[in-house]
Each structure stands twice: as structure tokens, then as C-alpha cells.
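Could you walk me through this structure in my viewer, one selection at a time? I would like to know what to click on next and what I will find there.

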Amino acid sequence: MIKFLRELPKVELHAHLNGSLCIDSIRELAENVYGKQAEEFTAMCERFITFEKGAKLNECFEKFGFVHELTSTRKGLQYATELAVRDFAKDNVMYLELRTTPKSNANMSRRDYLETVVESIKNACNQYAITVKLLPSINRSEPVEVAEETVALSLELCQNDPDIVVGIDFSGNPSQGKFSDFMPALELARKHGLKLAVHCAEIDNPTEIREMLKFGMSRCGHGTFLSSSGFAHMKDHNIPIECCLTSNVKSGTVSTVSAHHLKELMEADVPKVLCTDDCGVFDTTLSDEFILANETFGLTKSQCIGLTMEAIQHSFATPQEKLKMKMQLYSYTRRHEN
Ligand code: IMP
Ligand code: ZN
């Protein structure tokens, strides 16, 4: 089963770029771009992936600063993007949607940031057997003006590279910022054809959850605190919930893997996909998440194939790309029928 899941051609729909670098890739980036010796980094890396039991979601957001420093130059960002794509490809991910928050600093504007990521995705796709899309992220703890700039840049980049820039992610610390303030920027993106992947119900905030469901989205990140009627809404509107088992448990929004809402979603046949969120920070891979789902909930091979099929359906890929993925999945499963 483990071998079957590791080799299964997989689809990753919820991955934040700066959270997706595994420790070895962080070391490689630090050494090759900044000339830092691995030893200097050992203690920092340990802290990066260590979570106290009962960790709080708020504390998790502090972890990203460590990687953000390494991706604060064009060269670092380029190298990091290529490494992240390489690592997903190594895990037999055939299709990846990467999200990242454009940042401006002395070295780069937000435009430079996004252009660098797009170019790096193109380079990586020439090297590895993987298709990669980009969802620029709106960080809800930043001002609305930044979100407006991100949407404007995304629409422009989408004109040049419609095969790569396909949507917008709404993320960041859910206890900060008000969703309703960002609705006009998100609406503009949607009106111009960008899909919306919204972190929704990551914490228990019934007013915001109602606002988000009313506003609508193409996919829902986490959905942890949705009620049964919230799940029914997702089913009625065919909105999949992006389930990130290890992320939710390590960041303390779900108490144990066995208590994860994936079980209820499976039983109620609500659309769902299995994702990593931040496989670097949470020290996991998409294969590990499938293995965990198999070990915890007894997911069979055919259920894992079914989840991958759902991920293909709900991806922001073109119809041709979806067909290609289905054929790849089909030919893999045919070879492993016995
Ligand atoms: P980046 O956008 O590539 O820098 O990826 C890291 C960023 O993604 C973090 O600083 C957060 O804004 C966002 N992020 C990562 N994981 C989560 C999550 O679980 N919930 C909300 N936002 C997240
Ligand atoms: Zn996320």
C-alpha cells in the first residue's frame, strides 16, 4: 500500500510556496545561494519543524519568517520555487497548484516577486514531469490596498501566462483582518475569470463563515469549523474542501488525525481533496498524507484513486490537462490492479 501511494500520480491543490520547502531543500538553498554552512542552520531547522503538543495556530505563522528571509532576493526566490517544484515532482505529484503571497522589499517589488515565480515555474516544468499553476495569495493581515495590487498584477500576468496564473488564494492568519474588506478585490478577480481558493472556517468564526459561504468560492481551504449545514452547502454547490491532516493537527485546529473532518466528509460524500498546506513546515509529503489517511481511516486503494480523481476534477487545469491526468492515473491503476 505504501509503495502504491508513493508511486501514485498525485494532484496537490493546496501548497504555500514558502511553507513547502523541506529541510534538505532549505539547507540546499541557504548553502548554494547565500553560502551559509549547513551546521549554522541545524538548530534553526530543528525549531522550524518542531511543534509543541497543543501548539496554537497563531504561533505557526511565526515560522514562515525563517524561509521568507531566504526568498527575499530574486535568486533565492527563483531557487526556492524550483526546489519546491522538484520536491513535489519527486513525490510523484503530476499536477501542482502553488500559492504564494507577493512581497515587496528593497530587492524586489510585488511585480518582480510574481514574475520571478512565474519564470521559475516555467524553468522547473521544463526539468521535471509536472504541470504547475500559480495562485497569487492575498494575506488577510495586510492592508486591502496590497490585496488590490495583488489582484491587478495577477490579472495582468494571467493575460501573458493564462496557462500558469489561474486563481487567487485568500489566506494568512485567520484571527486577523476582516473578510468583508477584501470582498471587492476578490470579486474583481472572479469577474475577470480568476478562480478563488479561500481559507474558510479555519477557526470558529460563524459570522465570517456565513459571509464566505454567501460570497462563494471555487474551493474551500480547511473548512474545519463548518457545521453539518456548512458541509451540506459545500455538497450542494460542489465546492471541495481541501483537507490537510498533518497541518491541522500540528497547528492545533484539530485535536488528532482520527478526529479530522475528512471522515465525516467521506461519509457524507462532500467533495474533498487531500493536500499538504505547508509540507516543509509540517514535515510531510502528499504521499505521507495519503498514507496517514489509509492508516487512520482505512482508506482503500480505490478510495485513494477516487480522491485523486476528485482533485483532478476540482483543479484549475484546462480540460485537456484534466484528460491527460485522468489517463495517467488510469494507466497507473491498470498496471497495479493486482
Ligand atoms: P508564502 O505565501 O509563499 O509566503 O507562504 C507562506 C504564507 O502562506 C504564510 O505567511 C501565510 O500567510 C500563508 N499560510 C500558510 N499556511 C497557512 C494556513 O494554514 N492558513 C492560512 N494561511 C497560511
Ligand atoms: Zn493554507
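Start by selecting Ser 137 and Asp 169 and showing their side chains: in this predicted model, the two side chains make a polar contact at 2.7 Å. Now colour the strand that holds Ser 137, which is E3, residues 131-139. Is Ser 137 buried or exposed? Ser 137 has a relative accessible area of 1%, and because the cut-off for buried is under 20%, Ser 137 counts as buried.

To see what packs around Ser 137, select its contacts, leaving out residues up to four places away in sequence: Arg 99, Thr 100, Thr 101, Pro 102, Thr 150, Asp 169 and Ser 171.

Keep Thr 100 and Thr 101 highlighted, as they lead to the next stop. Both are among the residues that come nearest to ligand 1, together with His 68, Lys 103 and Asp 278, out of 18 residues around that ligand.

Next, show ligand 1 as sticks and look at its polar atoms. An oxygen atom of ligand 1 lies 2.6 Å from a side-chain N or O atom of His 68, and an oxygen atom of the ligand is 3.1 Å from a side-chain N or O atom of His 16. At Asp 278, a nitrogen atom of ligand 1 is 2.8 Å from a side-chain N or O atom. The protein covers 96% of the 490 Å² of accessible area that ligand 1 has on its own.

Turn on a surface for the last stop: ligand 1 takes up the space of the largest pocket. Helix H4 (57-70) and strand E2 (93-100) are the elements giving two or more residues to the shell around ligand 1. H4 gives the most, with three residues.

Terms used. Residues numbered from 1 in each chain as written. Chains lettered and ligands numbered in written order. Predicted model: local features only at pLDDT ≥ 70, side-chain atom pairs only at ≥ 80, totals over all residues. Heavy atoms only, no water. Helix = DSSP H or I, 4+ residues; strand = E, 2+ residues; numbered from the N terminus. Buried < 20%, exposed > 50% of the residue type's maximum accessible area, 1.4 Å probe, protein only. Polar contact = N/O pair within 3.5 Å; in protein donor to acceptor, adjacent residues only side chain to side chain. Contact = heavy atoms within 4.5 Å. Near = heavy atom within 4 Å. Areas by Shrake-Rupley, 256 points an atom, 1.4 Å probe, with all protein chains shown as cover. 1 Å grid on protein atoms, 1.4 Å probe; cavity = no way out; pocket = protein on both sides within 12 Å on 5 of 7 lines; lining within 4 Å. Sits in = over half its atoms within 2 Å of the grid points.
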